[in-house]
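Visitor: Could you walk me through this one? I'd like to start with how its parts are named and then look at some individual residues.

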Amino acid sequence: MRSPTQTFRTGLGAATALAVGATLVGAAPSTGATDIDSAAITPKTSFTMKADGSSGTATKGNRIPNLDIVKKTVRTYYNATNGIADKTTSPYITEMKAIQDAQAAYLDQAFTTVTAAGKIPAIVLDTDDTTLWNYDMEDGAMGFHYDPALQNTWVQEQRFPATPGMVAFANAAAAKGFAVFGITGRGDSQRTATLANLTKVGYTAFAPERFFTKWPGTDKPAYVTCAVVTACTTVEYKAGTRKHIETDLTGTGGKSYDIVLNVGDQWSDLMGGYADKTLKLPNPTYYLPSPNLPGVSEPALAPKTQFTMLPDGSSGATVGGENIPNIDSTIATIRAYYNAKDGIARRSRSAFVKELRTATRAKAAKIKTQCKKADRPRGRHKTPAVVFDVDDTLLWTYDLQDAGSGFAGDAALRKTWVKKKKFQSVPTMAKMVRKAKRGGCAVIAITERPVDELAQTRKNLNKRFNWVFSKNNVISSTNKAATRAQLKQTRRLRILWNVGDQPADLLGGHAEHRFQVPNPTYYQP
C-alpha cells in the first residue's frame with residue numbers, strides 16, 4: 001500500500017474519512033477496536049544482509065531491511081532535513097571527529113619512523129565523501145537515485161561542501177610535513193573543477209601533480225595494470241596508483257614516499273595494499289564494490305553483514321555509520337528478492353513470488369471455507385466480507401518504484417500510471433480474491449489513493465481481477481480501521497479477513513483475521 005503521504009503519495013491529510021465512489025462520508029471512530037497480534041506485524045529489528053544483495057534470493061521479505069526505514073535511519077544519522085544534512089551537529093559529524101582524532105598518535109609515530117628511514121611520509125585521500133561531501137546531492141537532489149548527468153553538474157559548478165573535519169585533518173597533516181595525495185574515481189574531465197572545489201572549501205594540501213583522476217577510455221597510464229584494459233576496476237586503478245606513488249615518484253631531495261595512511265569511504269578505496277594503514281570513513285548512502293587484486297586477501301576490508309535497526313529510524317542516532325544497512329546494498333537485496341532485472345520484477349520466479357504463493361495457497365482455501373460457513377444476510381444476520389488494501393496488495397507498484405523512479409519517487413509518474421491503469425496484479429493474489437468471492441464474501445478494496453483516482457483504480461482492479469469490484473466496494477480512506485468500523489455498522493458486514501502489505505492497513509482491529517503481504521520497499525506504520 002502507498003498512501004498519499006509517502007514517496008508515491010499525493011498529499012492527502014490525516015482526516016478520518018472515507019470516500020465511496022465519489023461520495024465523501026464521515027467515518028466512525030475506531031475507539032474500542034480489538035487488535036489481534038499486533039506484534040506479528042511489527043517490523044523485525046535484526047537483519048543479516050550481504051553487501052552484494054545475494055541474501056535476497058533466499059530470504060523472506062520481512063527479513064530484508066525495509067528501504068523506507070533504512071533511508072529514515074540514514075537521515076537520522078546525518079540529521080538531515082528535506083534531504084540536506086546538518087552541517088553543525090549530527091551523529092555522523094560526531095563519529096567523524098572521533099575517527100579523525102583517533103589517528104593523531106599513530107600519525108605522530110608514523111611520521112617519526114618514516115622520516116628516520118629517509119623517506120617522505122604520505123597520506124592518500126579519496127574525494128567523494130572523503131574530502132568532498134556528497135550527501136546533499138545524494139539525498140536532496142537525487143533522492144538516493146544516482147544521476148550521472150546531475151552529478152557532473154554538481155562537480156563542474158563546484159557545489160560540494162567539505163566532508164566534516166577533513167579540511168583541518170588534511171591541512172594539519174600537510175603542515176606537519178606529510179605529502180598529501182588525492183586519488184579519486186572522478187574522471188579527467190572533472191579534474192579541474194574538483195581541484196577548484198577542494199580549494200574553494202579550504203583545502204591547501206592538494207598540489208595538482210599529486211592529484212590523480214581516472215583516464216578516459218583505454219588511455220591508461222603504464223603504471224596501472226588491468227585485467228581488462230577498457231574496464232579497469234577501482235582496486236586496479238587505486239592500488240596501482242598507490243604502488244606508483246611509492247615505487248616511482250620522489251619528492252624533496254629525491255626521497256621516495258611511504259604511504260602511511262590511505263583514507264576512503266568505500267572498501268574499494270582501501271583494498272589492494274600499498275599503504276601501511278587504512279582508514280575507513282562511514283558512508284551508508286551508497287556502495288561501490290570492486291574485486292581485489294589477484295592473490296590478495298584482505299578479509300578485514302569488507303562490509304558488515306549483521307544489523308540492528310528500529311523501525312522509527314532512531315537507530316541512526318546511536319549505532320554508527322557502518323552499522324546502518326547500506327542503501328545501495330538494501331536495494332540490491334530487494335531486487336534479488338523480486339528477481340528484478342532493469343527494475344522490472346519477475347512475475348513467475350522470485351523469492352517474493354515463492355513466499356507469497358506458499359502463504360496465499362493455504363490462506364485462500366481457508367478464506368473460501370470461512371466465507372461459505374459465515375452467516376448469510378437473512379434478517380439481522382451480517383454479510384461476510386474480505387477487505388483488501390490496493391497498492392502492493394492487489395495492484396503491484398514495484399515496476400513503477402524501481403524502473404520508474406529508482407525508488408526515489410515521482411508523483412507525476414505515479415499519477416500517469418494510475419490514469420493509464422498500468423499496474424499489474426500482485427502475483428497469486430487473484431486466487432485469494434477469487435476464493436473469497438466464490439465463497440460468498442463481499443470483496444472490498446480500501447485504498448489511500450485520493451477520491452479523484454477511484455474510478456481509474458476500480459477499472460485497473462477489474463481489469464486484473466475479472467470485474468469483481470463494484471463502484472461502492474472501492475473506497476478511499478486515510479483511516480482504514482475507522483473505515484472498517486463504519487462498514488460493519490452501516491453495511492452490516494462481518495469482516496472475516498483484512499489483507500494488506502503495511503501495518504497501517506492491518507492495525508486497529510475490526511477484522512477477525514488478517515494477512516500481511518511481504519513488502520520491503522516502503523513502510524507505513
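Guide: Before anything else, helices and strands here are DSSP runs, with at least four residues for a helix and at least two for a strand, and they are numbered from the N terminus. Please keep in mind throughout that this is a predicted model.

Visitor: OK, then where does Lys421 sit?

Guide: Lys421 is in the loop that runs between helix H13 (411–420) and strand S12 (424–425). Although Lys421 is not a glycine, its phi is positive, at about 55°.

Visitor: And is Lys421 buried, exposed or partly exposed?

Guide: Lys421 has a relative accessible area of 23%, so it is classed as partly exposed, given that the partly exposed class lies between the 20% and 50% limits.

Visitor: What about the phi of Trp467?

Guide: Trp467, a residue other than glycine, also has a positive phi, with a value near 55°. Trp467 is placed in the loop between helix H15 (454–464) and strand S14 (474–477), and with a relative accessible area of 61% it counts as exposed.

Visitor: Switching to charges, which residues form the positive surface patch?

Guide: The positive patch on the surface is made up of Arg357, Arg361, Lys431, Arg434 and Arg438. Helix H11 (351–373) and helix H14 (429–438) are the elements that each give two or more residues to this patch.

Visitor: Which element gives the most to it?

Guide: That is H14, which contributes 3 residues to the positive patch. Arg361, for its part, is located in helix H11, and because its relative accessibility is 46%, Arg361 counts as partly exposed.

Visitor: Now Lys71, what is the nearest side chain of opposite charge?

Guide: The nearest one is Asp68, which is 5.5 Å away, and Lys71 has no salt bridge even though Lys71 is buried. Lys71 lies in helix H1, which covers residues 67–77.

Visitor: Which backbone oxygen does the Lys71 side chain reach?

Guide: The side chain of Lys71 reaches the backbone oxygen of Phe407, at a distance of 2.7 Å.

Visitor: One last spot, where is Thr230?

Guide: Thr230 is in the loop between strand S6 (211–214) and helix H8 (234–247), and since its relative accessibility is 57%, Thr230 counts as exposed.

Visitor: How far apart are Thr230 and Lys220?

Guide: Along the sequence Thr230 and Lys220 are 10 residues apart, while in space they are separated by 8.7 Å from C-alpha to C-alpha.

Key
Residues are numbered from 1 along each chain as its sequence is written. This is a predicted model: local features need pLDDT of at least 70, side-chain atom pairs count only at pLDDT 80 or more; totals for chains, interfaces and linings use all residues. Side-chain values use heavy atoms; hydrogens and water are left out. Patches are made of residues with over 30% relative accessible area and no salt bridge: like charges are joined within 9 Å, nonpolar side chains (Val, Leu, Ile, Met, Phe, Trp, Tyr) within 5 Å. Accessible areas come from the Shrake-Rupley method with a 1.4 Å probe; for residues, only the protein chains shown count as cover. A salt bridge is a side-chain nitrogen of Lys or Arg within 4 Å of a carboxyl oxygen of Asp or Glu. Lys and Arg count as positive and Asp and Glu as negative; His and the chain ends are not counted. The place of a charge is taken as NZ of Lys, CZ of Arg, CG of Asp or CD of Glu. Buried means under 20% relative accessible area, exposed over 50%, partly exposed in between (1.4 Å probe, protein chains only). A polar contact is a pair of N or O atoms within 3.5 Å; within protein, one must be able to donate a hydrogen and the other to accept it, and residues adjacent in sequence count only if both atoms are side-chain atoms.
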